Amino acid sequence: MAGSLHPSKGVSSTHLDNSLPTKDVLEIWRKADAVCFDVDSTVCVDEGIDELADFCGAGQAVAEWTSKAMNGSVPFEEALAARLSLFNPSLSQINDFLEKRPPRISPGIAELILKLQANDTEVYLISGGFRQMINPVAVKLGIPLENIFANQLLFGSNGEFLGFDTSEPTSRSGGKATAVGDIRKKHGYKAMVMIGDGATDLEAKRPGGADLFICYGGVQLREAVAAKADWLVFNFQDLLNSLE
């Protein structure tokens, strides 16, 4: 199973000790009744806000803020507000962006989600990105829109950018952990797994939240996050194989 992993160059072996799952980790993964996926750099190969910013002409400045947010060096809400203020996307720009640059799905994710759903495992998308850009991803992957927990961009009557809905838990640091905890409390799930690449995904593993954090390093390998994961994978086929 782990023989197909291809660690990124320059990553020391100490960061790969968790690329082989323990028996306990496999047991939780296989019996999970809900799996929550991050979207940017996990379900999709892009960071949505970076792509949108690039489309609007502010790519590099926004990407630098994204790196700070994902590495946990600044509060997420601060980074989100700062990034949006650099380009203030209008509704027409969002629609134009989605038409010209549709989301790119990570290899193997569609098959993994189909397998989880066939096993009666509920699948959720939990993202610091925006519903306007995540809804098409959910539709493509057969995930109910009510299973999306993400941020909402706000626009005026003429489509001008007004900001984002700060009442969404995913708009602030610790928000993914809050969302996972809320899901678990509402549905009474006995075992939950969070899969993602960033510090905000790692935060979701806590009492009353996710029981397991799987770090996906197939797009971005954030070493500080990967080192604390229960299981580090570089392709979704490994997770799919482990369910066979």
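**View A. Asn-88 is partly exposed in the loop between α4 and α5.**
Asn-88 counts as partly exposed because its relative accessibility is 43%; the class runs between buried, under 20% relative accessible area, and exposed, over 50% (1.4 Å probe, protein chains only). The model shown is predicted, so local features need pLDDT of at least 70 and side-chain atom pairs count only at pLDDT 80 or more, while totals for chains, interfaces and linings use all residues. Residues are numbered from 1 along each chain as its sequence is written, and side-chain values use heavy atoms, with hydrogens and water left out. The loop that holds Asn-88 runs between α4 (76–85) and α5. Helices (H or I, at least four residues) and strands (E, at least two) are DSSP runs, numbered from the N terminus. Have a look at the backbone here: the phi of Asn-88 is near 40 degrees, a positive value in a residue that is not glycine. Most residues other than glycine have a negative phi.

**View B. Asp-120 is another non-glycine residue with a positive phi.**
Asp-120 has a phi of about 65 degrees. You will find Asp-120 in the loop between α6 and β2 (122–130). With 70% relative accessibility, Asp-120 counts as exposed.

**View C. Helix α5 has a buried face and an exposed face.**
Helix α5 covers residues 91–100, and its buried residues are Ile-94, Phe-97 and Leu-98. Looking down the axis of α5, these buried residues fall within an arc of 95 degrees, so they line one face of the helix; the arc is that of the directions from the helix axis to the C-beta atoms. Turned away from that buried side, the opposite face carries the exposed residues Ser-92, Glu-99 and Lys-100. The cover over the buried residues of α5 includes α2 (48–55), α7 (131–141) and β4 (153–155), counting contact as heavy atoms within 4.5 Å.

**View D. Two salt bridges can be found at α5 and the loop after it.**
A salt bridge is a side-chain nitrogen of Lys or Arg within 4 Å of a carboxyl oxygen of Asp or Glu. Lys-100 and Asp-96 form one, with their closest N and O atoms 3.4 Å apart. These partners sit 4 residues apart in helix α5, so about one helical turn separates them. Lys-100 is exposed at 56% relative accessibility, whereas Asp-96 is partly exposed at 27%. The side chains of Glu-51 and Arg-101 meet in another salt bridge, at 3.6 Å from N to O. This pair links distant parts of the chain: Glu-51 belongs to helix α2, Arg-101 lies in the loop between α5 and α6 (109–118), and 50 residues separate them. Both partners are partly exposed, Glu-51 at 27% relative accessibility and Arg-101 at 30%.

**View E. Lys-115 and Glu-244 form a salt bridge between distant parts of the chain.**
The closest N and O atoms of Lys-115 and Glu-244 are 3.9 Å apart. Lys-115 comes from helix α6 and Glu-244 from the segment after α11 (236–241), 129 residues apart. Lys-115 is partly exposed at 22% relative accessibility, and Glu-244 is exposed at 65%. Elsewhere, salt bridges that share partners join Asp-38, Lys-176 and Asp-201 into one network. The whole structure holds 12 salt bridges.

**View F. Strand β6 is largely enclosed by the rest of the structure.**
Strand β6 (residues 192–196) earns that description because 5 of its 5 residues are buried. Met-192, Met-194 and Gly-196 point one way from β6, while Val-193 and Ile-195 point the other way. In a regular strand, side chains alternate between the two faces of the sheet. Strand β1 (residues 34–37) pairs with β6 in the parallel sense over 4 bridges; two strands pair if DSSP finds at least two bridges between them. Val-35 has Val-193 of β6 as its bridge partner. Strand β7 (residues 212–216) also pairs with β6 in the parallel sense, over 4 bridges, and there Met-194 stands opposite Phe-213.

**View G. Asp-230 has polar contacts with Lys-205 and Phe-213.**
Asp-230 lies in the loop between α10 (223–226) and β8 (231–233). Its side chain makes a polar contact of 2.8 Å with that of Lys-205, and the side chain of Asp-230 also reaches the backbone nitrogen of Phe-213 at 2.8 Å. A polar contact is a pair of N or O atoms within 3.5 Å; within protein, one must be able to donate a hydrogen and the other to accept it, and residues adjacent in sequence count only if both atoms are side-chain atoms. Setting aside neighbours within four places in sequence, the residues in contact with Asp-230 include Asn-18, Val-25, Asp-211 and Leu-212.
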